[in-house]
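Here is a short note for you to read beside the structure. Keep the viewer open and find each pair as you go.

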Amino acid sequence: MLRVLITTDYLRPGDEVDQFLRGAGLETEHLPMTGRRDPDRLAEALAGVDAALVANEPMTAGVLARAPRLRVVVRTGVGYDSIDVAAAARLGISVSNLPGINANAVAEYTMGLLLAGARRLVQSACGVARGAWPREDGHELRGATLGLIGYGASARAVVPLARAFGMTVVCTTGVPAHLRTDPAVRFVDLPELLAVADYVSVHTSLTERTRGLLGETAFRRMKPTALLVNTARGPIVDEDALAKAVRAGDIAGAALDVATEEPLPPDSPLRDVDGIVVYSHLAGQTAQARAAAGRQGAEELVAALQGRPRFAVNAALTTEGKK
């Protein structure tokens, strides 16, 4: 019997996903990822399995090399930067993600962060909790310009919500021109977006090109009243430069759902900076998105074990490696 390791923390023995996988003739083992995981512990867990349904596990080349039976890895989410897909391909391991699975959840959450930042809701609530009664002016979203970095499923889902609030939307993206069809969006290059946007929201994937994309130079180009929102990946933002920019008043603040290191370490430069609010990577975490991700992840895993993955991100590399 083929064995499956499940590390996504909201999936449980006996749930719908577990029953589906067992119904497909697979044996399941649950090892929820609830924080940092020692690479040796992960390698040990993967050593005796044929497939894995995973959270944001650090599946490095070294970890994958110690999993001789592993044939399939499926991420119950969109991002897969935590997996060395090239190493997986060399080892004949198919890696899949679930594109667009939580786009609506991320879009709604993005608007929540925009509202919370514009009206300083967290600062107000924390002030009341301390016994104060903060009464600072906030800002309305209507009439403001939202700049989207990236034009994937979540960014596209943000557009009608932002427009409903009366915002103007600009976007910078590497998506081919023939796919930029939304008349409600004006597509610009990054320097122009940073210069005109009142709110900058990050929705691009983490690559070597986007790592540190928003740093000192970018913050100098933004308005001093601008707010940065990041629901994508932490390393896209240079956290030291961000903290410096907010303290100096170069930008107004940031609402971050992701950080370079999660959970946020005690010595993070993002701590204790007035204007920076860090959340616990919740953008895609709704009951509906979790249910859909678990179900579709399980379906993708079974399909991949049968040699017909729908969303393999390293299919071309795996094919090349077999030549």
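The points below deal with salt bridges and the residues that form them.

1. Start with the status of the model. This is a predicted model. A search of the whole structure turns up 13 salt bridges. Three of these pairs are described here, by residue name.

2. Look at R3 and E27. Their side chains meet in a salt bridge, at 3.6 Å from N to O. R3 sits in strand β1 (residues 3-6), and E27 sits in strand β2 (residues 27-30). The two are 24 residues apart, so the pair links distant parts of the chain. R3 is partly exposed, because its relative accessibility is 23% and the partly exposed range runs from 20% to 50%. E27 is partly exposed too, at 32%.

3. R3 and E27 also belong to a network. Salt bridges with shared partners join R3, E27 and E29.

4. Next, find R233 and D81. Their side chains form a salt bridge at 2.7 Å, N to O. R233 lies in the loop between β10 (227-230) and α10 (239-248), while D81 lies in the loop between β4 (72-75) and α4 (85-90). The pair therefore ties together parts that are 152 residues apart in sequence.

5. Are R233 and D81 buried or exposed, or in between? R233 counts as buried, because 13% is under the 20% cut-off. D81 has 34% relative accessibility and counts as partly exposed.

6. Last, check E136 and R120. Their salt bridge spans 3.3 Å, N to O. E136 is in the loop between α6 (121-129) and β6 (145-149). R120 is in the loop between α5 (103-118) and α6, and the two residues are 16 apart. E136 is exposed, with a relative accessible area of 57%.

Key: Residues numbered from 1 in each chain as written. Predicted model: local features only at pLDDT ≥ 70, side-chain atom pairs only at ≥ 80, totals over all residues. Heavy atoms only, no water. Salt bridge = Lys/Arg side-chain N within 4 Å of Asp/Glu carboxyl O. Helix = DSSP H or I, 4+ residues; strand = E, 2+ residues; numbered from the N terminus. Buried < 20%, exposed > 50% of the residue type's maximum accessible area, 1.4 Å probe, protein only.
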